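Student: Hi! I'd like to go through this structure with you, if you have a moment.
Tutor: Happy to. Let's put it up and start wherever you like.
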Amino acid sequence: MNQKINRVLINSPFFKTEKGISKNSTYADIKKAYPITKIEPTEGHIVLTVNEIHASFSIAKSKLSKDWWNAKTKSVNTNSIPLNAKIDDFILWWKD
């Protein structure tokens, strides 16, 4: 009963940020509109975090080249993310 909502999954392509980012946006669109704070892998996706708008965007690993992970730096190789890669999920989040 004391649980609070702290994130919302955006499924509608009609919802857009002030800079026009929507469920139908690409990696290039996000990269052009906002500074990407962090990129982290999950089991089947990479997650782009944009702190400026309290949002996260996921892109399926299947849309990346095989060298998407840099084992030496233990980070996502951003050059392996195609600019036209569509996002799968768009999540807005906030803290109390």
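Student: Leaving aside neighbours within four places in sequence, which residues is Phe 57 in contact with?
Tutor: Phe 57 is in contact with Ile 21, Ile 30, Ile 46, Val 47, Leu 48, Val 50, Ile 87, Asp 89 and Phe 90. Keep in mind that this is a predicted model.
Student: OK, and which residues have the most contacts inside the largest nonpolar core?
Tutor: Those are Ile 30, Ile 46, Leu 48, Phe 57, Ile 59, Ile 81 and Phe 90, in a core of 20 residues. At least two residues of this core come from each of α1, β3 (45-50), β4 (55-60) and β7 (89-93).
Student: Since it's predicted, what is the mean pLDDT of the protein?
Tutor: The mean is 94, and 99% of the residues reach 70 or more.
Student: And where is confidence lowest, and where highest?
Tutor: Strand β5 (residues 69-70) is lowest, at a mean of 93, while α1 is highest, at 98.
Student: Back to Asp 89, then. Which side chain does Asp 89 meet in a salt bridge?
Tutor: Its partner is Lys 23, at 4.0 Å from N to O. Asp 89 lies in strand β7 and Lys 23 in the loop between β1 and α1, so the pair ties together parts that are 66 residues apart in sequence.
Student: Is Lys 23 buried or exposed?
Tutor: Lys 23 counts as buried, because its relative accessibility is 18% and the cut-off for buried is under 20%. Asp 89 is partly exposed, with a relative accessible area of 27%.
Student: How many salt bridges does the count come to?
Tutor: The count comes to 4. Among them is the one between Asp 88 and Lys 63, whose closest N and O atoms are 3.0 Å apart. Asp 88 sits in the loop between β6 (75-76) and β7, and Lys 63 in the loop between β4 and β5, so this pair links parts 25 residues apart in sequence.
Student: What about Glu 40, which side chain does that meet?
Tutor: Glu 40 meets Lys 38 in a salt bridge, at 3.9 Å from N to O. Glu 40 is partly exposed at 38% relative accessibility, and Lys 38 is partly exposed too, at 40%.
Student: Changing topic: where is Ser 22?
Tutor: Ser 22 is in the loop between β1 and α1 (27-33). With 5% relative accessibility, Ser 22 counts as buried.
Student: And what does Ser 22 touch, not counting residues up to four places away?
Tutor: Ser 22 touches Pro 13, Phe 15, Lys 16, Ile 87 and Phe 90. You have met Phe 90 already, as one of the residues with the most contacts inside the largest nonpolar core.
Student: Let's go to the surface. Which residues make the nonpolar patch of about 290 Å²?
Tutor: That patch is made by Ile 5, Val 8 and Trp 94. Val 8 lies in strand β1 (residues 7-9) and is partly exposed, with a relative accessible area of 36%.
Student: One last residue: where is Glu 52, and what is Glu 52 in contact with?
Tutor: Glu 52 is in the loop between β3 and β4. Apart from neighbours within four places in sequence, Glu 52 is in contact with Lys 19, Tyr 34 and Pro 35. Glu 52 counts as partly exposed, at 48% relative accessibility.
Student: What separates the C-alpha atoms of Glu 52 and Thr 78?
Tutor: They are separated by 20 Å, and the two residues are 26 residues apart along the chain.

Definitions and conventions: Residues numbered from 1 in each chain as written. Predicted model: local features only at pLDDT ≥ 70, side-chain atom pairs only at ≥ 80, totals over all residues. Heavy atoms only, no water. Patch = residues over 30% accessible without salt bridge, like charges linked within 9 Å, V, L, I, M, F, W, Y side chains within 5 Å. Areas by Shrake-Rupley, 256 points an atom, 1.4 Å probe, with all protein chains shown as cover. Helix = DSSP H or I, 4+ residues; strand = E, 2+ residues; numbered from the N terminus. Buried < 20%, exposed > 50% of the residue type's maximum accessible area, 1.4 Å probe, protein only. Contact = heavy atoms within 4.5 Å. Core = buried A, V, L, I, M, F, W, Y, C linked by side-chain atoms within 4.5 Å. pLDDT = per-residue confidence, 0-100.
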